[in-house]
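Open the model in your viewer and switch to a cartoon display. The stops below move through the sheet and then to the helices.

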Amino acid sequence: MPTYFVSATQNILTPDHKRKLAKEITRAHSHATGAQSFFAQVIFNEIPGGSHFMGGAEINTTQVFVYGHIRGGRTEEQKKGLLADITESVHTVTGIERRFLWTYINELPPANMVEYGQVLPQPGKEGQWLESLPPADREYMLSLSEAK
C-alpha cells in the first residue's frame with residue numbers, strides 16, 4: 001500500500017483540506033498505477049513553528065511536503081505523472097503557491113512490505129492477490145475503496 005505522509009506548516013490545513021487531499025492523493029495514485037484505491041493511505045502531520053529549517057535558517061513560510069512510499073516496479077512515466085498530479089492537487093485544494101510545495105516518492109520492493117497482514121503483490125497482480133485473500137480481509141479492503 002502506498003503510504004503518503006503529508007506534513008504541513010501548523011494550522012494551514014483544515015479538516016476539509018485534509019479530506020480533499022486524501023481523496024485527491026488516492027485518486028492520483030490509483031490513476032497513475034492502476035491499483036485499487038484501498039491500497040492508498042494518507043497520514044497528516046503538522047510542523048510546529050521553530051521546527052523547520054532550510055540551509056540552517058528557520059522557515060517561516062507556509063510549506064506542504066508530500067512524501068510517498070510506493071511499491072517498486074512503476075515506470076518512470078507513471079512516477080513522473082504521479083508526482084505532477086499530486087503536486088497540482090495540493091496546489092488546487094490549498095491555493096498554496098507551487099514554490100512552497102514539495103512532493104517525493106520512494107520505491108520499496110513489494111516483498112519488503114506487509115499490509116493487511118500479507119506480503120504485497122508485484123504491480124499488476126493486485127487483482128489475483130485480492131482474490132487469494134480470506135473473504136473477511138477482502139471485504140474489509142473493498143469497503144475502504146468505497147468510503148466516502
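How many bridges join strand 1 (residues 3–9) to strand 5, and do the two run parallel or antiparallel? Select both strands: 6 bridges join strand 1 to strand 5, and the two run antiparallel. Keep in mind throughout that this is a predicted model. For a landmark on this pair, pick Thr3, which stands opposite His69 in strand 5.

**The other side of strand 1**

Keep strand 1 selected and add strand 2 (41–47). Strand 1 and strand 2 are paired over 7 bridges in the parallel sense. Click on Val6 to find its bridge partner in strand 2, Phe44. Now trace the chain between these two strands: strand 1, helix 1 (residues 15–33) and strand 2 form a β-α-β unit that is right-handed.

**Strand 5 and strand 6**

Next, select strand 5 (residues 64–71) and strand 6 (residues 101–108), which are joined by 8 bridges and run parallel. Val66 is a residue to label here, with Thr103 in strand 6 opposite. To get from strand 5 to strand 6 the chain passes through helix 2 (residues 76–94), and this β-α-β crossover is right-handed.

**The whole sheet**

Show the strands together. They make an open sheet of 4 strands in the order 2-1-5-6, and the pairing is mixed. Which strands stand at the edges? Strand 2 and strand 6 do; each has a single partner strand, so one side of each has no neighbour in the sheet. Look along the sheet to see the twist, which averages 15° from one strand to the next.

**Helices on the sheet**

Turn on helix 1, which lies across strand 1, strand 2 and strand 5 and runs at about 135° to strand 2. Then add helix 2, which packs on the sheet and touches strand 1, strand 5 and strand 6. The direction of helix 2 makes about 145° with that of strand 6.

**Helix against helix**

Hide the strands and keep the two helices. Helix 1 and helix 2 pack with their axes 9 Å apart, at an angle of about 160°. Angles over 145 degrees count as roughly antiparallel, and helix 1 and helix 2 are therefore roughly antiparallel to each other. Their crossing is right-handed.

Show side chains at the contact. On helix 1, the residues include Leu21, Ile25, Ala28 and Ala32; on helix 2, they include Leu82, Ile86, Val90 and Val93. By class, the contact of helix 1 with helix 2 has 8 nonpolar, 7 polar and 4 charged residues. Among the charged ones to label are Lys20, Glu24 and Arg27 in helix 1 and Asp85 in helix 2.

Technical notes:
Residues are numbered from 1 along each chain as its sequence is written. This is a predicted model: local features need pLDDT of at least 70, side-chain atom pairs count only at pLDDT 80 or more; totals for chains, interfaces and linings use all residues. Side-chain values use heavy atoms; hydrogens and water are left out. Two strands pair if DSSP finds at least two bridges between them. A crossover is right-handed if, with the strands pointing away from the viewer, the path from the first strand over the helix to the second runs clockwise. Axes are lines fitted to C-alpha atoms, for helices over the stretch in contact, and angles run from 0 to 180 degrees between N-to-C directions. Angles under 35 degrees count as roughly parallel, over 145 as roughly antiparallel, 65 to 115 as roughly perpendicular and the rest as oblique. A crossing is left-handed if the near helix is turned anticlockwise from the far one by less than a right angle, and right-handed if clockwise. Contact means heavy atoms within 4.5 Å.
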